[in-house]
Amino acid sequence: MSDELERMLRRALRPVDPGEDFTARVMAEVSAEPGNLRARSRRAVWIPLSLAASVILAVAGVYEWQQRQREAGLAARAQVLEALRVTNEKLDLAYRLINTSSRPAPHRAPGA
Amino acid sequence: MAKTVAKLVAALFAAAVASLAAVAALPALAASPALATSPAVAAGPPPGQLVIAGLESLEPQAKDSVSISLDASLLATAARFLDSEQPEDREVKAIITGLQGVYVRSFTFDHAFVFPTGALESMQKQLHTACWQPIVSVHKGEERSRVDIFICQLQQKARGLAIIAVEPRELTIVNIVGAIDLDKLRRLQGHFGIPRLPEEK
């Protein structure tokens with residue numbers, strides 16, 4: 001069983017002559033390679049740069065949005081307080097007018 | 001594979017640029033006349049909301065003017081910036097929670113002024129609809145001051161408050177839309193520059 005396997009392996013792995021044009025073919029492939037390599041390396045630089053730019057833009061966008069939300073929130077808060085202040089002031093005015101009209105006019109000394 | 005990655009990067013880049021452009025466009029959107037005008041334009045104002053219009057002529061004459069328009073979303077934004085840990089902020093938050101809008105127009109003049117007839121008529125017309133009831137109407141001839149307070153009630157629930165205060169050199173219109181609790185409002189007196197009412201004797 002193991003002899004048979006060994007024979008099969010020897011047959012399959014026997015040295016084969018690549019032929020005379022093998023070296024020429026390899027050399028032709030190698031000489032064609034630099035262009036591809038350059039294109040690949042250019043792509044390899046461009047992709048991470050674009051990714052980095054996208055991430056920076058996205059982070060900047062989120063930061064800007066958060067800043068604007070914060071400004072809008074603080075402005076809205078100030079407006080709420082101002083609105084409540086004005087409302088209370090006018091309720092105060094109504095209260096004062098009611099009180100002064102329900103009270104008898106203060107007695108004034110003649111000629112005062 | 002490389003093409004897919006390139007497409008993905010391009011899409012990401014485009015999305016990032018678009019989001020920046022959208023953020024940049026936000027103030028312009030908020031300032032656009034279509035959104036800055038009354039929310040009543042779309043589907044009519046909710047009960048308790050007045051359309052305050054016709055006061056533009058007062059603005060150039062006024063020494064000072066205050067114009068506040070806070071709809072439900074702006075009130076919610078403001079509420080996020082009120083610190084629940086602070087007692088005063090907590091009370092303001094309690095007041096504005098459940099409100100759908102707060103609108104204030106106030107003008108202070110150096111001289112006597114005339115309430116624009118169109119604005120007055122428009123407001124009177126709105127305040128004569130079913131939900132509005134006058135709760136205070138006080139007129140003091142000597143002080144030439146008048147304050148009218150109306151409340152809008154529907155199904156036993158307060159839906160709005162309107163205050164029209166006319167003083168010799170000041171006109172103020174306040175419209176609070178939603179369930180306003182005057183007791184809570186009163187509790188704010190003495191805080192945030194809100195005047196303190198004298199105690200009832």
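How many helices and how many strands does chain A have? In this predicted model, chain A has two helices and zero strands. Of the 112 residues in chain A, buried residues make up 15%. The predictor assigns the complex an ipTM of 0.73 and a pTM of 0.67. For chain B, the mean pLDDT is 78, and 71% of the residues reach 70 or more. Confidence is not even along chain B: over residues 27–41 the pLDDT stays under 50, and the model has eight contacts beyond four places in sequence for this stretch.

The strands of chain B are considered next. Six of them form an open sheet in the order E1-E2-E6-E5-E4-E3, with antiparallel pairing. E1 and E3 of chain B stand at the edges with a single partner strand each, so one side of each has no neighbour in the sheet. From one strand to the next, the twist averages 5°. In a regular strand, the side chains alternate between the two faces of the sheet.

The pairings can be followed across the sheet, beginning at the edge strand E1. Strand E1 (residues 64–71) of chain B pairs with E2(B) in the antiparallel sense over eight bridges, and within this pair Val66(B) stands opposite Ser106(B). Strand E2 (residues 99–108) of chain B is mostly covered, since nine of its ten residues are buried. E2(B) is also joined by nine bridges to strand E6 (residues 170–178) of chain B, again in an antiparallel arrangement. Here Arg105(B) stands opposite Ile173(B) in E6(B).

Two hairpins follow one another in the part of the sheet formed by E3, E4 and E5 of chain B. In one of them, strand E3 (residues 132–140) and strand E4 (residues 145–154) of chain B run antiparallel and are joined by eight bridges. Ser137(B) stands opposite Asp148(B) in E4(B). Four residues lie between the two strands of this hairpin, and Arg144(B) in the turn has a positive phi of about 50°. In the other hairpin, E4(B) pairs with strand E5 (residues 157–167) of chain B in the antiparallel sense over nine bridges, and Val147(B) has Ala165(B) as its bridge partner in E5(B). This hairpin has two residues between its strands.

Where do Gln155(B) and Gln156(B) lie? Gln155(B) lies in the loop between E4 and E5 of chain B, and Gln156(B) is found in that loop as well. Gln155(B) has a positive phi of about 50° although it is not a glycine; Gln156(B), also not a glycine, has a positive phi of about 60°. Gln155(B) counts as exposed because it has 6 C-beta neighbours inside 10 Å, where the limit for an exposed residue is 12 or fewer. Gln156(B) is exposed as well, because 5 other C-beta atoms lie within 10 Å.

A further exposed position is Pro60(B), in the loop between helix H3 (40–43) and E1 of chain B. Pro60(B) counts as exposed because it has 7 C-beta neighbours inside 10 Å. Although Pro60(B) and Phe109(B) are 49 residues apart in sequence, their C-alpha atoms are 10.0 Å apart in space.

Helix H5 (residues 87–96) of chain B has the buried residues Val92(B), Ile95(B) and Ile96(B). Viewed down the axis of H5(B), these buried residues fall within an arc of 90°, so they line one face of the helix. An α-helix has 3.6 residues a turn, so residues three or four places apart point the same way. Just after H5(B), Gly98(B) takes a positive phi of about 95°.

Which residues touch the most other members of the largest nonpolar core? In this core of 43 residues, they are Val80(A), Leu75(B), Ala78(B) and Val102(B). At least two residues of the core are supplied by each of helix H2 (22–102) of chain A and, in chain B, helix H4 (72–80), H5, E2, E3, E4, E5 and E6. H2(A) provides the largest share, ten residues. Apart from its neighbours within four places in sequence, Leu75(B) is in contact with Val80(A), Leu70(B), Ile96(B), Leu99(B) and Val102(B). In soluble globular proteins, nonpolar side chains tend to be buried together.

Key
Residues are numbered from 1 along each chain as its sequence is written. Chains are lettered from A and ligands numbered from 1 in the order in which they are written. This is a predicted model: local features need pLDDT of at least 70, side-chain atom pairs count only at pLDDT 80 or more; totals for chains, interfaces and linings use all residues. A residue is buried if 20 or more other C-beta atoms lie within 10 Å of its own, exposed if 12 or fewer, and partly exposed in between; C-beta atoms are placed from the backbone. Two strands pair if DSSP finds at least two bridges between them. pLDDT is the predictor's confidence in each residue, from 0 to 100. Two residues are in contact if their C-beta atoms, placed from the backbone, lie within 7 Å. The arc is that of the directions from the helix axis to the C-beta atoms. Axes are lines fitted to C-alpha atoms, for helices over the stretch in contact, and angles run from 0 to 180 degrees between N-to-C directions. A nonpolar core is a set of buried Ala, Val, Leu, Ile, Met, Phe, Trp, Tyr and Cys residues joined through C-beta atoms within 7 Å.
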